[in-house]
Amino acid sequence: MTSYDRRDLGLLLLRLGAGGVLAAHGTQKLFGWFGGHGIEGTGQFMESVGYAPGRANATAAGLAEAGGGALLALGLATPAAGAAAAGAMAGASAVHAPNGFFNAEGGYEYAATLGLAATGLAVAGPGRLSLDHALGHVFDRGWMVPTALGVTAAVTALVVGARNKRLRKDEQDEQEALFAEEEAMFRAQPS
């Protein structure tokens, strides 16, 4: 086996592993498969962590994960597939970041690992054991890599930024309500 064959086999294994996990994770969101909560349950969760509207965000995340993961596993449209999956994982990392790095503490380790694997595949390409190679790389051109990653980074920054702004506003509203409640209690006390 030549080193080029080893590279192709390694990329295939990485694509199948990361792509398969991402696809399964996305189908949990979209269809409730593998113990997932489907669009309704995932949408409620998305709302609770600041991604509003929840149903739309659940659908977008599920499609990015399931679609991006399936395409990565097949080695088809690898730049777009990797970028879409990486964007979804960046959004998930934002939710878990306050808990630190390690997954055991609810951190972003798992999402970051999947996101980096997807990004790495988008950059490295799918290898010869892929549909992209079989189709002459019509969906895997050099210019597609920075374009897909750049567009995804911009959209992800907007979505995560809007979430963070919403969470700050909710926190401020809660603090103001608490202050108003304390002030009302203070005024209600007899002098």
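**View A. Pro53 lies in the loop between H2 and H3.** Helices here are DSSP runs of H or I with at least four residues, strands are runs of E with at least two, and both are numbered from the N terminus. The peptide bond that leads from Ala52 into Pro53 is cis, and its omega is near -5°. As a note for all the views, this is a predicted model, in which local features need pLDDT of at least 70 and side-chain atom pairs count only at pLDDT 80 or more, while totals for chains, interfaces and linings use all residues. Residues are numbered from 1 along each chain as its sequence is written, and side-chain values use heavy atoms, with hydrogens and water left out.

**View B. H1 meets helix H2 (residues 38-48) at a crossing of roughly 95°.** The two axes come within 5 Å; each axis is a line fitted to C-alpha atoms, for helices over the stretch in contact, and angles run from 0 to 180 degrees between N-to-C directions. The crossing angle makes H1 roughly perpendicular to H2, on a scale where under 35 degrees is roughly parallel, over 145 roughly antiparallel, 65 to 115 roughly perpendicular and the rest oblique. On the H1 side, look for Gln28, Lys29, Leu30 and Phe31; H2 brings Gly38, Ile39 and Thr42 to the contact (heavy atoms within 4.5 Å). Sorted by class, this contact has three nonpolar, three polar and one charged residues. In that sorting, Ala, Val, Leu, Ile, Met, Phe, Trp, Tyr, Cys and Pro count as nonpolar, Asp, Glu, Lys and Arg as charged, and the others, Gly among them, as polar.

**View C. The largest nonpolar core has 13 residues.** A core of this kind is a set of buried Ala, Val, Leu, Ile, Met, Phe, Trp, Tyr and Cys residues joined through side-chain atoms within 4.5 Å. Good places to start looking are Leu22, Leu72, Ala85, Met89 and Ala118, the residues with the most contacts inside this core. Two or more core residues come from each of helix H1 (3-31), helix H3 (54-74), helix H4 (78-96) and helix H5 (109-124). H4 gives the largest share, five residues. A second, separate core has eight residues, among them Met46, Ala58, Ala61 and Val95. As general background, nonpolar side chains tend to be buried together in soluble globular proteins.

**View D. Leu72, in helix H3, is buried at 0% relative accessibility.** Buried means under 20% relative accessible area, exposed means over 50%, and partly exposed is in between, using a 1.4 Å probe and protein chains only. Setting aside residues up to four places away in sequence, Leu72 touches Arg15, Gly19, Leu22, Thr78, Ala81, Gly82, Ala85, Ala118 and Leu121. Pro126 is 54 residues from Leu72 along the chain, yet their C-alpha atoms are separated by 7.8 Å.

**View E. H4 and H5 cross at roughly 160°.** Their axes come within 8 Å, and the angle makes H4 roughly antiparallel to H5. The crossing is left-handed, a label used if the near helix is turned anticlockwise from the far one by less than a right angle, with right-handed for clockwise. H4 contributes Thr78, Pro79, Gly82, Ala83, Ala85, Ala86, Met89, Ala92 and Ser93 to the contact, and H5 contributes Ala111, Ala112, Leu114, Gly115, Ala118, Thr119, Leu121 and Ala122. By class, there are twelve nonpolar, five polar and no charged residues in the contact of H4 with H5.

**View F. Ala77 lies in the loop between H3 and H4, and Thr78 is in helix H4.** Ala77 is not a glycine, yet its phi is positive, at about 50°. With 16% relative accessibility, Ala77 counts as buried. Thr78 is also buried, at 0% relative accessibility. Beyond its neighbours within four places in sequence, Thr78 is in contact with Leu72, Leu121, Ala122, Gly125, Pro126, Asp132 and Phe139.

**View G. His137 is in the loop between helix H6 (131-134) and H7.** This residue, other than glycine, has a positive phi near 60°. His137 counts as partly exposed at 23% relative accessibility.

**View H. Gly161 sits in helix H7 (residues 144-188).** Gly161 is partly exposed, with a relative accessible area of 32%. To follow a long-range pair, find Gly91: the C-alpha atoms of Gly161 and Gly91 are separated by 10.0 Å, and the two residues are 70 apart along the chain.
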